[in-house]
Amino acid sequence: VQNKSATALYQKSLEWIKKNYKSPDDVIITTVENDYIRFRGIANNLRCWKLVSYACSDVQYETEITFKDGKFKFEILNFEEKDKDPFNDFRTYWKNINALFYTNNKTLYNKDGELKKQYVGYINKIPSYFNNLNSELKSYIEESSQQKNDW
């Protein structure tokens, strides 16, 4: 983001989180002013796979945005899915699924290293979700500096 200081990027990113998340004080994990923001979000039905029919689960993610003059880095640090407790149908918990994205994971890939057919959709859907989120943040930063307070 040309001509933007790390301070301006930090402020606009914090503002974006506060405008786009229902409870920003709950989703912001930590901040170091003008350096980084770490926050947690939930994407409904993001992880889907096909067995007989489609099954989907909610995903909780932890993101860190770091800042330097003229640029920011949007990085996913942790990835968990909502799962049912096998011993209690009414209780759910967040299960870490970071390992699913390793190319040697036997759940997603066959012995030849090719992605199994039932997972093709979600392997594309997940990066697309985060790329869109990153693009929304960048657009917000760029547009908010161009808008005038003319009401």
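Two strands pair if DSSP finds at least two bridges between them. The exercises below concern a predicted model.

**Exercise 1.** Describe the pairing of strands β1 and β2 and the hairpin that joins them.

*Solution.* Step 1: locate the strands. Strand β1 covers residues 28-32, and strand β2 covers residues 36-50.
Step 2: establish the pairing. Four bridges connect β1 and β2, in the antiparallel sense. T30 has R38 in β2 as its bridge partner.
Step 3: inspect the turn. Three residues lie between the strands of this hairpin, and N34 adopts a positive phi near 65°.

**Exercise 2.** Classify the ring pair of F79 and F130, and place both residues along the chain.

*Solution.* Step 1: note the context. The whole structure contains seven aromatic pairs.
Step 2: apply the geometry. The ring centres of F79 and F130 are 5.9 Å apart and the planes stand at 65°, so the pair is edge-to-face.
Step 3: place the residues. F79 belongs to strand β4 (residues 71-85) and F130 to helix α3 (residues 120-146); the pair links distant parts of the chain, 51 residues apart.
Step 4: assess burial. F79 and F130 are both buried.

**Exercise 3.** Classify the ring pair of Y129 and F130, and determine whether each residue is buried or partly exposed.

*Solution.* Step 1: for Y129 and F130, the centres lie 5.1 Å apart with planes at 90°, so this pair is edge-to-face.
Step 2: buried means under 20% relative accessible area. F130, at 7%, therefore counts as buried, whereas Y129, at 26%, is partly exposed.
Step 3: identify the wider group. Y129 and F130 form one aromatic cluster with Y61 and F79.

Technical notes: Residues numbered from 1 in each chain as written. Predicted model: local features only at pLDDT ≥ 70, side-chain atom pairs only at ≥ 80, totals over all residues. Heavy atoms only, no water. Helix = DSSP H or I, 4+ residues; strand = E, 2+ residues; numbered from the N terminus. Phe/Tyr/Trp six-rings, centres within 6.5 Å; stacked < 30°, edge-to-face > 60°. Buried < 20%, exposed > 50% of the residue type's maximum accessible area, 1.4 Å probe, protein only.
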